Amino acid sequence: MTNLQISNSLTRSKDLFKPIDPKKIGMYVCGPTVYADPHVGNGRSLVVFDLLYRVLIKIYGRTNVSYVRNITDVDDKIIEASKQLNLPIDKITSDITNIFHKNTKELNCLTPTFEPKATEHIKEMIEMINSLIKKKLAYVNEGHVYFLISEFKNYGKLANKNLEELVSGSRVEVSKLKKNPLDFILWKPALENEPGWDSSWGRGRPGWHLECSVMSEKYLGKKFDIHGGGLDLLFPHHENEIAQSCSNNSSEVLANYWVHNGFLTMKKEKMSKSLGNIETITEVLKRYNAQVIRIALLS
């Protein structure tokens, strides 16, 4: 028994860490979508979860801890970047992944146990969608596949909101193809010049939420200890992961502890690519020692 306590977004309290199996601890953290150079806000998540990984290794031993951090290499943002830069998607994802790896090394972050790429797990994603459709937990409409929120009774538990609150204040995609505004995409059709894979409901690509559910299960199982990411992923991304995974597995829990790092702010606003108020890790490393940046991010 250790006295390690973790701030758990699921319970909204600081909980004593009790692993499912002390010799097989699993932590999944949402990694980068590789369409642009990582900024210092992305670096905060890297450093925070690297520290947690080091603490777990120190307590339980390196061979007893599996740290999975994925790479999203198929996404609308990547396709848009390809169009704007007039570069092949493979070129963008490869170059940004290399920069990301260089940055993680410079910030003295340990290499995760597994670093799966979304495009390498399409087969498993199609299998999970098929399973959800067969269980009547998902539906097909004009080549799109949506998860049926009405079939998951605990939706909103992580965000601590009811369905009405989520609809009124959320970042949900509006579409006439949905039965419920909160139903989320599992598969979307691909245009001719876009990356796509064949499936029984048409050529297309997986939804972002589905990717993490499939990869976390493949490397850590249907239930594991810790799931992490930035605070902006709590809803809808992590909420949707829980819904689809628990529904498909007929389970109550995906991860026992949900950990979210806070935002890095610039001039009192969250640093984000969409706001354009970013500084890349590469740029900042030219001005400051990497260990100074690491300590600043942890403070």
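How much space lies in the second largest pocket? Hold on to that while you look around; the points below start with the whole molecule and come to the pocket at point 3.

1. **What you are looking at.** This is a predicted model, so treat every value here as computed from it. In secondary structure, the protein comes to nine helices and 12 strands. Its radius of gyration is 19 Å, close to the 19 Å that the globule rule gives for 299 residues, so the protein is as compact as a globular protein of that length. If you like box sizes, the C-alpha trace spans about 50 × 50 × 35 Å along its principal axes.

2. **Inside and outside.** Of the 299 residues, 52% count as buried. The accessible surface comes to about 14900 Å², and carbon and sulfur atoms own 52% of that surface. Take care not to mix up those two percentages: one is a share of residues, the other a share of surface area. As for who touches whom, look at the contacts with a separation of 6 or more: residues 24 or more positions apart account for 74% of them.

3. **The pocket.** Back to the opening question: the second largest pocket holds about 380 Å³ of space. Its lining has 16 residues, and the closest to the pocket's centre are Ser7, Val48, Leu51, Leu52 and Val259. Try picking out those five in the viewer to find the spot.

4. **Who builds the pocket wall.** Four elements each supply at least two lining residues: β1 (5–8), α1 (40–60), β10 (255–261) and α9 (290–298). Which element gives the largest share of the lining? That is α1, with five residues. By chemistry, the lining divides into nine nonpolar, five polar and two charged residues.

5. **Valine 40, in the helix that gives the pocket its largest share.** Valine 40 lies in helix α1. Is valine 40 buried or exposed? With a relative accessible area of 10%, valine 40 is buried, because the cut-off for that label is under 20%. Leaving out residues up to four places away in sequence, valine 40 touches Leu264, Met271, Glu279, Thr280, Ile281, Val284 and Leu297. Leu297 is worth a second look: it sits 257 residues from valine 40 along the chain, yet their C-alpha atoms are separated by 8.5 Å.

6. **Serine 272.** Here is a loop residue, found between β12 (269–270) and α8 (281–285). Serine 272 is nevertheless buried, with a relative accessible area of 7%. Not counting residues up to four places away in sequence, serine 272 touches His39, Asn277 and Ile278. Serine 272 and asparagine 42 are 230 residues apart in sequence but 8.8 Å apart in space, C-alpha to C-alpha.

7. **Glycine 26.** Now for a strand: glycine 26 has its place in β3 (residues 25–29). At 4% relative accessibility, glycine 26 counts as buried. Its contacts, again without residues up to four places away in sequence, are Ser66, Leu220, Phe224, Asp225 and Ile226. How far is glycine 26 from lysine 273? Their C-alpha atoms are separated by 30 Å, and the two residues are 247 apart along the chain.

8. **Threonine 97.** This one belongs to helix α3 (residues 89–106). Threonine 97 is buried, with a relative accessible area of 6%. Setting aside neighbours within four places in sequence, threonine 97 is in contact with Val34 and Ile71.

9. **Two loop residues with positive phi.** Lysine 136 has phi near 60°, a positive value in a residue other than glycine. You will find lysine 136 in the loop between α4 (122–134) and β5 (138–141). Glutamate 142 also has a positive phi, near 50°, and is found in the loop between β5 and β6 (144–147). Are these residues buried or exposed? Lysine 136 counts as exposed at 65% relative accessibility, and glutamate 142 counts as exposed at 64%.

10. **One cis peptide bond to check.** Going from phenylalanine 235 to proline 236, the peptide bond is cis, with omega near 5°. Proline 236 lies in helix α7 (residues 234–249), so look there to find it.

Methods:
Residues numbered from 1 in each chain as written. Predicted model: local features only at pLDDT ≥ 70, side-chain atom pairs only at ≥ 80, totals over all residues. Heavy atoms only, no water. 1 Å grid on protein atoms, 1.4 Å probe; cavity = no way out; pocket = protein on both sides within 12 Å on 5 of 7 lines; lining within 4 Å. Points joined across faces, edges and corners; volume = space filled by probe spheres on them. Nonpolar A, V, L, I, M, F, W, Y, C, P; charged D, E, K, R; others polar. Rg over C-alpha atoms; globule rule 2.2 N^0.38 Å. Buried < 20%, exposed > 50% of the residue type's maximum accessible area, 1.4 Å probe, protein only. Contact = heavy atoms within 4.5 Å. Areas by Shrake-Rupley, 256 points an atom, 1.4 Å probe, with all protein chains shown as cover.
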